[in-house]
Amino acid sequence: MYDARISHWRKVTSEARQKPGEWINTGRHYTIAMARQLSSDIRHGRRIKGILPGEQYEAEWFRSKDSDILCEVFVRLSNI
């Protein structure tokens, strides 16, 4: 993984820690397939830099209001 991506996910997980239980928009648009995969990876705590041991996140994806083909991913820290 390259640095920009690492810092992005660390920023998202840090924001989720500061606002436990609140849904956080990841701030990027993804294809449906990527949004599904990211949501699964986040829920299972795999391949996402910034998730600390013992943390459990919920993740949902929705079609973007700005596009018919792109989606947004939202996360929240669930073990608060």
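The following conversation concerns the fold, the core and one buried acidic residue of a predicted model.

Student: How many helices and strands are there in the protein?

Tutor: The predicted model contains two helices and three strands. Read from the N terminus, the order of the elements is α-β-α-β-β.

Student: And how compact is the protein?

Tutor: It is as compact as a globular protein of its length, because its radius of gyration of 12 Å is close to the 12 Å that the globule rule gives for 80 residues. The C-alpha trace spans about 35 × 30 × 20 Å along its principal axes.

Student: What share of the residues count as buried?

Tutor: Of the 80 residues, 35% count as buried. The accessible surface comes to about 5200 Å², and carbon and sulfur atoms account for 50% of that area.

Student: Turning to the strands, which ones pair with E3?

Tutor: Strand E1, residues 24-30, pairs with E3 in the antiparallel sense over four bridges. Strand E2, residues 57-63, also pairs with E3 in the antiparallel sense, over seven bridges.

Student: Which residues stand opposite Glu72 and Val75 in E3?

Tutor: His29 stands opposite Glu72, and Ala59 stands opposite Val75.

Student: Is E3 mostly covered or mostly open?

Tutor: Mostly covered: five of the seven residues in E3, which runs from 71 to 77, are buried.

Student: Which residues touch the most other members of the largest nonpolar core?

Tutor: That core has 16 residues, and those touching the most other members are Trp9, Tyr30, Ile42, Ile48, Tyr57, Val73 and Val75. Two or more residues come from each of helix H1 (3-18), E1, helix H2 (32-44), E2 and E3. E3 gives the most, with four residues. In soluble globular proteins, nonpolar side chains tend to be buried together.

Student: What does Tyr30 touch?

Tutor: Leaving out residues up to four places away in sequence, Tyr30 touches His8, Trp9, Ala35, Leu38, Ile69, Leu70, Cys71 and Val73.

Student: A change of topic: where is Glu55, and why does it count as buried?

Tutor: Glu55 lies in the loop between H2 and E2. It counts as buried because its relative accessibility is 18%, and the cut-off is under 20%.

Student: Which side chain has a polar contact with that of Glu55?

Tutor: The side chain of Arg17 does, at 2.5 Å. Apart from neighbours within four places in sequence, Glu55 is in contact with Arg17, Gly50, Leu77 and Asn79.

Definitions and conventions: Residues are numbered from 1 along each chain as its sequence is written. This is a predicted model: local features need pLDDT of at least 70, side-chain atom pairs count only at pLDDT 80 or more; totals for chains, interfaces and linings use all residues. Side-chain values use heavy atoms; hydrogens and water are left out. Buried means under 20% relative accessible area, exposed over 50%, partly exposed in between (1.4 Å probe, protein chains only). Two strands pair if DSSP finds at least two bridges between them. A nonpolar core is a set of buried Ala, Val, Leu, Ile, Met, Phe, Trp, Tyr and Cys residues joined through side-chain atoms within 4.5 Å. Contact means heavy atoms within 4.5 Å. A polar contact is a pair of N or O atoms within 3.5 Å; within protein, one must be able to donate a hydrogen and the other to accept it, and residues adjacent in sequence count only if both atoms are side-chain atoms. The radius of gyration is taken over C-alpha atoms; the globule rule is 2.2 Å times the number of residues to the power 0.38. Accessible areas come from the Shrake-Rupley method with a 1.4 Å probe; for residues, only the protein chains shown count as cover.
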